[in-house]
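This report goes through one protein chain and its metal site. Please have the sequence and the model open while reading.

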Amino acid sequence: MNSRRYTAIASVLVAVLWLGFATPLLAQDTAAAPSFDVELTGDYGYHLPPNIAPEGTYPHTVDSLIDILHYFMVVLFVGWGIFFVYCLWKFRQREGHKADAKPIKAKASKYAEIVVAIFEAFLLIGLSIPAWASVRNEFPTEEENPLHLRVVAEQFQWNFHYPGPDGVFGKTSPAFLDLATNILGIDPADPNGKDDITATELHIPVNRKVIADISSKDVIHSFAIGVLRVKQDAIPGMRIPVWFEANRTGNYEISCAQLCGNNHYSMRALMIVEDQGVFDAWYAKAAEGPEEFDEDELDD
Ligand SMILES: [Cu+2]
């Protein structure tokens with residue numbers, strides 16, 4: 001048996017052994033991502049998740065860009081694929097012709113590459129950068145009555161900080177951090193912090209702009225709301241604002257889009273988009289602080 005055939009058979013055997021035995025063993029070690037108590041809204045399907053941002057805004061531009069890129073990739077893939085098969089046939093070894101690896105000089109391929117490079121530059125400079133600039137540079141004004149909140153990432157959880165009815169965030173400091181009672185480190189002596197809301201679910205009103213300042217307590221995370229096409233790195237020591245708006249009520253998923261440790265996959269949170277009235281009721285109740293712990297409930 002020649003050595004090439006031997007290598008091929010050995011590779012297939014290794015692949016079969018790996019897929020057949022090692023993969024199921026490894027899979028047993030991986031716990032499923034935590035599931036939510038409620039069902040998520042919308043049909044996720046095989047393509048992009050539902051888009052709940054208002055028509056004509058940046059998240060819809062993102063979808064158009066993704067579509068354009070996929071069409072472009074299909075054209076490139078099919079085009080280069082045909083060219084590849086054509087070359088295999090055209091330059092094959094045959095009677096009266098010896099195959100060799102020397103390149104031939106042709107104008108067509110040079111022009112094709114220039115066209116592809118120009119189109120790629122257009123995608124970046126003509127479409128992507130202006131679309132991104134429009135969302136980064138044009139934040140909602142205070143007249144538009146945006147909701148302000150903070151998003152604080154940690155391994156492996158999303159924390160949300162609302163200023164409460166007074167509209168002023170309490171002072172925060174790592175010195176006041178307490179994993180059980182004060183996960184945001186709000187200064188207990190600051191009167192502005194008394195009505196602040198700490199939550200691990202993101203409540204937002206429907207059809208209202210939200211400005212969120214993203215930060216992190218430990219490593220770099222990435223705040224990602226798939227249905228709003230929002231993705232922003234959460235970087236320790238920085239407070240980075242993003243804004244978004246949802247125009248459909250329901251329960252949606254927030255995930256972490258940056259590999260941040262071994263439980264990264266489980267770092268998800270629920271985003272609840274609700275009518276302004278329902279939101280206000282939740283806000284007022286949450287500002288009163290957590291309910292007293294009831295020992296009797298442990299028996300249930
Ligand atoms: Cu993370």
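## Burial and the model

A residue counts as buried when its relative accessible area is under 20%, and as exposed when that area is over 50%. By this cut-off histidine 221 is buried, because its relative accessible area is 0%. The model is a predicted one, and the values below are computed from it.

## Overall shape

The chain holds 4 helices and 10 strands. From the N terminus the order of elements is α-α-α-β-β-β-β-β-β-β-β-β-β-α.

The radius of gyration is 27 Å, whereas a compact globule of 300 residues would have one near 19 Å. Along the principal axes, the C-alpha atoms fill a box of roughly 90 × 50 × 35 Å. Of the 300 residues, 32% are buried. The accessible surface is about 19600 Å², and carbon and sulfur atoms account for 61% of it. Among contacts with a separation of 6 or more, 67% join residues 24 or more positions apart.

## Copper site

Four protein atoms serve as donors to the copper ion: ND1 of His221, SG of Cys256, SG of Cys260 and SD of Met267, at 2.1 to 2.5 Å. The site is tetrahedral, with angles of 89 to 124 degrees among the 4 donor atoms. Four tetrahedral donors would ideally stand at 109.5 degrees. Along the chain the donors follow the spacing H-x34-C-x3-C-x6-M. Histidine 221 lies in strand E6 (residues 221-225) and cysteine 256 in strand E9 (residues 250-256), so the pair ties together parts that are 35 residues apart in sequence.

Cysteine 256 also counts as buried, because its relative accessibility is 7%. Leaving out residues up to four places away in sequence, histidine 221 touches the other donor residues Cys256, Cys260 and Met267. Its further contacts include Trp158, Gln232 and Asp233.

## Nonpolar core

In soluble globular proteins, nonpolar side chains tend to be buried together. The largest nonpolar core here has 38 residues, of which Tyr162, Leu202, Phe223, Phe244 and Met271 touch the most other members.

Leucine 202 contacts the other four of these, Tyr162, Phe223, Phe244 and Met271. Also among the residues touched by leucine 202, not counting those up to four places away in sequence, are Leu149, Phe160, Ile225 and Ile254.

## Helix H3

Helix H3 spans residues 107-137 and contains valine 115. Valine 115 counts as exposed, because its relative accessibility is 54%. From valine 115 to alanine 131 the C-alpha to C-alpha distance is 23 Å, over a separation of 16 residues in sequence.

Technical notes. Residues numbered from 1 in each chain as written. Predicted model: local features only at pLDDT ≥ 70, side-chain atom pairs only at ≥ 80, totals over all residues. Heavy atoms only, no water. Donors = N, O, S within 2.8 Å, 3.2 Å for Na, K, Ca; no water. Tetrahedral: all angles 85-135°; square planar, octahedral: opposite > 155°, others 65-115°. Helix = DSSP H or I, 4+ residues; strand = E, 2+ residues; numbered from the N terminus. Buried < 20%, exposed > 50% of the residue type's maximum accessible area, 1.4 Å probe, protein only. Core = buried A, V, L, I, M, F, W, Y, C linked by side-chain atoms within 4.5 Å. Contact = heavy atoms within 4.5 Å. Rg over C-alpha atoms; globule rule 2.2 N^0.38 Å. Areas by Shrake-Rupley, 256 points an atom, 1.4 Å probe, with all protein chains shown as cover.
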